[in-house]
Amino acid sequence: MTMKKSYILSCLLSLCCFQIFAMNPGNEEPDKMQWWNEAKFGMFIHWGPYSMYGGVYKGHQQRFGGAEWIFNRCKIPYLEYRENASHFHPDRFNADSLVLLAKKAGMKYLVFTTKHHDGFAMFKSDASEFNILDYTSFGRDIVDEVASACKRYDMKLGFYYSQEQDWGNPGGATARRPMNQGWAHPDSLLIDEYTQTHSGSWDGFQQTKSFEEYFNDVSLPQIKELLDRYGKDLSVIFFDYPVKTTKEQAAKVLDLLKEYPHIIINDRLQKPDYPGDYKTPENMVPKAEDVEGLYWESCMSIGNSWGYKSWDTRWKSPATIVNYLISIASLGGNLLLNVGPDAQGIVRPEESGCLVEVGKWMEGYGSIIYGSSRSGLKPSWGKVIRKDEGKRTVLYLCVDKWPDNGELTLEGDWRPRKATILQNGMPLRFSKGKGCLIVDVPEKAPETTLAGTPVIIRLELTKRLPAERLFTNSEKSVGNHGLDG
Ligand code: GLC
């Protein structure tokens, strides 16, 4: 065979192999979950005119919940909130810096709030004038800037879209929250009475349309606008959150999505008929048994709010984030970590600094996270991440509690080839114990580059273990979460 022929043949062969691996078994569709399942770490961004309040209204700190809820929790009058939003002018926002920050942290995708519950679209919309182009003098389409930056830097793009809660467009859902979650409004009692008899709404403007009208006039057309513009490049839609969306309404959204079979959606479009592709536990690591065999993603903030809260002081440390990543990866999930830029569009140093540190750890050890899968092991000393590397499975033993007898035990009948401490390359001896493997470890735990993160032992097995078959929510219908900030 000539060089040229054999080259063409090998190209064809590798193409076929790629196709086989990229398919769902027994399914003609390419597996849209594959990249997502391998990515493991993404950036969530909550940003809109609510960041102008920073969690403070009339000098009062919002008493409860995420600062992106200030419109509702503090019961800001409809026209007042809209008027304030018209001054949203985030001159210092730079989509490139945001995407590069995500890259630096080792994140592989990004989910941006195109419209949160306040109803303000961060993109030009013909369905509602309450959008960044028509309602402000800013003159820039933020969503477009984020989408182009993602394209430029090869970052997977995801949109958050609040399809049901909408406090700034008439007819949108207005979840009822009592005044004691907002501020000491002198008319608190009256307001609470009003919201009780008006399905949670606190301002007459909100009820000038029905939810059905809102859904057909704003929500659905805006989803279509976003899909028409970005559908081809879009990888994820994070809907939020379903209480009154009907099966018929959700079906209309799904109809729009038919053209884009590569787009992954979360579990918050409509309950219980459309459970979506993946589960979204919020601000927590779920119990192992609740997510077994499923695709799932925990979303969390670095601070204590999704949207910018000027008085936030509770920041997660880089080590805490790394430990969450490890726990989540050991259970086969993804981490969507949130930042909330300020009114100018700046990600504050508490958040960016944390991301840079996490990024340093990821640079050294991210390979144990990306493409990993659930190990199903629950040792008392830490977490175990499974990674299939070529012909073999490797177990990464992440040791939080270093044994004081020099022996680390792993229950089960394991046949390793070798064991090494990842941090310093030190080879370890191992032997078979009663119903377990015993790895001999040094008396003193070696130093880690980031204090408070575990020592990692790379345990290479002699063969590759059978892969776990994962299901999307829709394939395996389960209950989901209806949460709020
Ligand atoms: C919620 C909230 C919200 C936040 C989100 C993040 O459902 O209402 O403010 O955007 O969860 O997961």
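**Salt bridges, a buried lysine and the domain interface**

In this predicted model, the side chains of Glu145 and Arg140 meet in a salt bridge, with an N to O distance of 2.8 Å. Both partners have intermediate accessibility: Glu145 is partly exposed at 22% relative accessibility, and Arg140 is likewise partly exposed, with a relative accessible area of 23%. In general, side chains of opposite charge can pair when their charged atoms come close. The structure holds 25 salt bridges, including the pair of Glu145 and Arg140.

Further salt bridges involve residues of domain 2, which the domain assignment places at 375–461. Asp388 forms a salt bridge with Arg386, and the closest N and O atoms of this pair are 3.0 Å apart. Arg386 counts as buried, because its relative accessibility is 8% and the limit for a buried residue is under 20%. A salt bridge also joins the side chains of Arg458 and Glu389, at 2.7 Å from N to O. This pair links distant parts of the chain, since Arg458 belongs to strand S18 (residues 455–461) and Glu389 to strand S11 (residues 382–389), with their positions 69 residues apart. The two partners fall into separate accessibility classes: Arg458 is buried, with a relative accessible area of 17%, whereas Glu389 is partly exposed at 27%. Arg458 and Glu389 also take part in a network of salt bridges that links them with Arg392, Arg417 and Glu460.

Another charged residue, Lys115, was examined through its surroundings. Lys115 lies in strand S4, which spans residues 109–115. At 0% relative accessibility, Lys115 counts as buried. The side chain of Lys115 makes two polar contacts described here: one with the side chain of Asp166, at 2.6 Å, and one with the side chain of Tyr161, at 3.4 Å. When neighbours within four places in sequence are left aside, Lys115 is in contact with Phe120, Ala121, Tyr160, Tyr161, Ser162, Asp166, Tyr214 and Gln222. Asp166 and Tyr161 thus appear among the contacts of Lys115 as well as in its polar contacts.

At the level of the whole chain, the domain assignment gives domain 1 (31–368) and domain 2 (375–461). The C-alpha centres of the two domains lie 38 Å apart. In the interface, 14 residues of domain 1 are in contact with 19 residues of domain 2. The area buried between the domains is about 1300 Å², and carbon and sulfur atoms give 67% of this area. Ser330, Tyr365 and Ile368 supply 45% of the area that domain 1 buries against domain 2, more than any other three residues.

Polar links across this interface were also counted. Zero salt bridges are found between domain 1 and domain 2, while three residue pairs are in polar contact. On the side of domain 1 that touches domain 2, helix H10 (318–330) and helix H11 (349–365) each supply at least two residues. H10 gives the most to this side, with eight residues. By class, the side of domain 1 that touches domain 2 has nine nonpolar, four polar and one charged residues.

How values were computed:
Residues numbered from 1 in each chain as written. Predicted model: local features only at pLDDT ≥ 70, side-chain atom pairs only at ≥ 80, totals over all residues. Heavy atoms only, no water. Domains from an automatic or database assignment. Contact = heavy atoms within 4.5 Å. Buried area = accessible area lost by both parts, 1.4 Å probe. Salt bridge = Lys/Arg side-chain N within 4 Å of Asp/Glu carboxyl O. Polar contact = N/O pair within 3.5 Å; in protein donor to acceptor, adjacent residues only side chain to side chain. Helix = DSSP H or I, 4+ residues; strand = E, 2+ residues; numbered from the N terminus. Nonpolar A, V, L, I, M, F, W, Y, C, P; charged D, E, K, R; others polar. Buried < 20%, exposed > 50% of the residue type's maximum accessible area, 1.4 Å probe, protein only.
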